[in-house]
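Work through the following exercises with the structure in view, and try each task before reading its solution.

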Amino acid sequence: MNPTIDLVADLGEGFGAYTIGSDSDLLEIVSSANIACGFHAGDPDIMDATVAECVRRGVGIGAHPSFPDLRGFGRRDMGLTANEVRADVLYQLGALNGFAAFHGTKVTHIAPHGRLGNLVAVRADYAEAVAEAAARVDNELIVVAQEGELGNAARSAGLDVAIVGIVDRAYQEDGTLVPRSEPGAVLHDPSAIVERTVRMVCEGKIRCANGTDIDISTDTVLLHGDNPGAVELARLIRSELISAGVRIAPLAEVMDAKRKAA
């Protein structure tokens, strides 16, 4: 049976007159979108337009909440309490839900951004705060995460967890990413990235930074569009996956197929 996978990208990350990324190009490639909710990027006009375009193209909608760090693009630790994280996630999820409802759809997943996304993988208190916020707003929300504290907390809260594969980052043996501060943490060779993506999806394996293979279960593949050549690489990844017999579908469909196959 050929695998079914979601392709997702971070969208709506401009602010006011400033544009970041190639949203219009990526929307031709992806099946789901992580949409900025105003704390690290995005504003009401951008959120409205991004949701509307996702609906028009049949792209699944996900919330991409972050720390309240507009100046630092959500990449700094703000020293928040778990209760503050919960409140901030509720605020951002509520904002995106409003635009989704206006356009006749709903938010189907949540994927924390930046430093918040890093910390929920290792901090149980932050992970539980995010999972509680998601579950009490909508117990059908899918939590997008790597294996770690957020995945554990989301499952405990009764939520489905979609494991994300980050194909242009080096992995360690425990399944976590090599920190960006270390050499080789970010991969740049397009052919190598495409090859490891197809292998990740079709074989469930990925080559670690130390040269060993580990098993990896992937429901969604994160594509980037905010650096030179990224859109062309995303197109190539989609094309090669389809050539390998992979079906591309929005995350809700992927998870539904996974439940039926279990």
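**Exercise 1.** Find which residues on the other side of helix 2 from its buried residues are exposed, and then work out where the buried ones lie.

*Solution.* In this predicted model, the residues to look for first are those with over 50% relative accessible area, since that is what exposed means. On this side of helix 2 they are Pro 44, Asp 45 and Arg 56. The next step is to list the buried residues of helix 2, which are Ile 46, Met 47, Thr 50, Val 51 and Cys 54. Because these buried residues cover an arc of only 125° around the axis, they are on the same side of helix 2. Finally, what covers them includes strand 1 (4-11), helix 1 (23-26), strand 2 (32-36), strand 3 (60-64) and helix 3.

**Exercise 2.** Compare the reach of helix 2 (residues 44-57) with the length expected at 1.5 Å a residue.

*Solution.* Helix 2 has 14 residues, and from its first C-alpha to its last it reaches 20 Å, which is close to the expected 20 Å.

**Exercise 3.** Describe how helix 3 (residues 82-102) and helix 5 (residues 124-137) pack.

*Solution.* Two packed helices are described by the angle between their axes and the distance between the axes. For helix 3 and helix 5 the angle is about 35°, and the axes are 8 Å apart. The crossing of the two helices is right-handed. Among the residues that make the contact are Val 85, Val 89 and Leu 93 of helix 3, together with Ala 129, Val 130 and Ala 133 of helix 5. Sorted by kind, the residues of this contact comprise 11 nonpolar, 1 polar and 3 charged.

How values were computed: Residues numbered from 1 in each chain as written. Predicted model: local features only at pLDDT ≥ 70, side-chain atom pairs only at ≥ 80, totals over all residues. Heavy atoms only, no water. Axes fitted to C-alpha atoms, helices over the stretch in contact; angles between N-to-C directions. Helix = DSSP H or I, 4+ residues; strand = E, 2+ residues; numbered from the N terminus. Left-handed = near helix turned anticlockwise from the far one by under 90°. Contact = heavy atoms within 4.5 Å. Nonpolar A, V, L, I, M, F, W, Y, C, P; charged D, E, K, R; others polar. Expected span 1.5 Å × (residues − 1). Buried < 20%, exposed > 50% of the residue type's maximum accessible area, 1.4 Å probe, protein only. Arc of directions from axis to C-beta.
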